[in-house]
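Q: I should like to learn how to read ring contacts and pockets in a protein model. Where should one begin?

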Amino acid sequence: MRTRTGQSLGSPARQGGRRRKAVSVAAAVAIGVMTLGALAPPAASDSAAPTGVAAGPDAVQRALNTLVRVDGMPAALASVKDRNGRTRTYTAGVGDLAAGSKVPRDGQVRIGSNTKAFTAVVVLQLVGEGKIDLEAFVDTYLPGLVRGEGIDGRRITVRQLLQHTSGLPDYGVHLDDDEIRNRYFEPRELLDLALGHRADAAPGKTWGYSNTNYVLAGLIVQKVTGRPLVEEMDRRIIKRAGLRHTYFPAPGEMTLREPHPRGYHRSPADGPLRDFTEMDPSAGWAAGQLVSTNSDLNRFFAALLGGRLLPAAQLAEMRTTVPAGTSGLRYGLGLTSRPLSCGGVYWGHGGDIAGYETRGGVTDDGRAANVAVTSIPTDGTAARHVNDAVDRALCG
């Protein structure tokens, strides 16, 4: 749920203690946290080769091996679909540091701020149905709810929420991973936490990543439909796109349902790895609560960019972007574009939550790749290596 716009969307630099948490950040922590001290993951074996490939590691496998051997990620996973529709899965490292077990192929992970793309799709479907207007003010749907120092829901549009140009403060800045380890948060609690702080900017003046925007988007969905966000997301996207391994955890659900690598976290950045697999992700809600797999994320973004989830007009709105930091990253309505070394861009989002980080997306010509690591990178080099792995997968 965090953001470091210079390198990746959804994971800010670690400062230790309280820090800026933008996408999956707020959803952070596990019960029964196990301190692993200085335990480092063993070197990735080249036998962790892509499915169906007999000899030696290819560029994607080498990139995952680097994430484990050089950057200290406990595990790395990838799913890659080429122009011809052929899919390969990759793993490196170990799935459980204590047991030394293998990484499950295409295992489930918490996908953090990729959830924002799902929430944005639901909102835009409702726009296409004439139930929400992108240019309408938040007060149209949630009258009197959004008020604070420099904050007025009568001046903030739905479009500004989805594009992070509302100027709303991020509630995640004020949450600590260990603070929320066992705590269930109602969406209104997250909103109230944000509204207790002054606006970051006037609406429409600048781009600034804030999880608060998507909590409000989720509340608008619920107000307009009269149904829980999770039901709308499941009906409109997960079932429609055939995402068999994707779900929105129920209240109090702290474990992952299917085979998964365990997730580890350092807080502060120079602290020991701790097992954060089991946690209450409710602090992410519409901004970062989903669980999925790399292949399901590929399927979701392919369905989205292929026009199977949104009418053409709403997909065009989603792909209308503004600059978001450095490195050529641009942000649309819950969708990002990032340049590729081989030319063109790929479309996706990315996300992190204590224990996991995911990056990837799809190209306009049908390539798709998603990469997950089982600890959020704590330095710029490791973060670049995650993005490099995606680039190699899409440019190979």
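A: One may begin with the aromatic rings of this predicted model. Phe118, Phe300 and Phe301 form one aromatic cluster, and a search of the whole structure finds 5 aromatic pairs.

Q: How is the geometry of a pair read, for instance that of tryptophan 207 and tyrosine 209?

A: Planes under 30 degrees apart count as stacked, over 60 as edge-to-face and the rest as tilted. The rings of tryptophan 207 and tyrosine 209 lie 6.1 Å apart, centre to centre, with 45° between the planes, and the pair is therefore tilted. Tryptophan 207 is buried at 16% relative accessibility, and tyrosine 209 is buried at 2%.

Q: Why is the pair of tyrosine 209 and tyrosine 331 classed as it is?

A: Their planes stand at 75°, with ring centres 6.3 Å apart, so this pair is edge-to-face. Tyrosine 209 belongs to the loop between helices H5 and H6, whereas tyrosine 331 belongs to strand S11, so the pair ties together parts 122 residues apart in sequence. Tyrosine 331 is buried, at 0% relative accessibility.

Q: Which residue lies over the face of tyrosine 247?

A: Arginine 257 does, at 3.7 Å from the ring centre.

Q: How is empty space found, and what lines the largest pocket?

A: Rolling a probe the size of a water molecule over the atoms shows where space is left empty. Here the largest pocket holds about 270 Å³. Its lining has 15 residues, with Val80, Asp82, Arg392, Ala393 and Gly396 nearest the centre. Helix H11 gives the largest share, 3 residues. By character, the lining divides into 8 charged, 6 nonpolar and 1 polar.

Conventions. Residues are numbered from 1 along each chain as its sequence is written. This is a predicted model: local features need pLDDT of at least 70, side-chain atom pairs count only at pLDDT 80 or more; totals for chains, interfaces and linings use all residues. Side-chain values use heavy atoms; hydrogens and water are left out. On a 1 Å grid over the protein atoms alone, a cavity is a set of points where a 1.4 Å probe fits but cannot get out, and a pocket is an open set with protein on both sides within 12 Å along at least five of seven lines; lining residues have an atom within 4 Å of a point. Grid points are joined across faces, edges and corners, and a volume is the space filled by probe spheres set on the points. Helices (H or I, at least four residues) and strands (E, at least two) are DSSP runs, numbered from the N terminus. Ala, Val, Leu, Ile, Met, Phe, Trp, Tyr, Cys and Pro count as nonpolar, Asp, Glu, Lys and Arg as charged, and the others, Gly among them, as polar. Rings of Phe, Tyr and Trp (its six-membered ring) pair if their centres lie within 6.5 Å; planes under 30 degrees apart count as stacked, over 60 as edge-to-face and the rest as tilted. Buried means under 20% relative accessible area, exposed over 50%, partly exposed in between (1.4 Å probe, protein chains only). A charge sits over a ring if NZ of Lys or CZ of Arg is within 6 Å of the ring centre and within 35 degrees of the ring normal.
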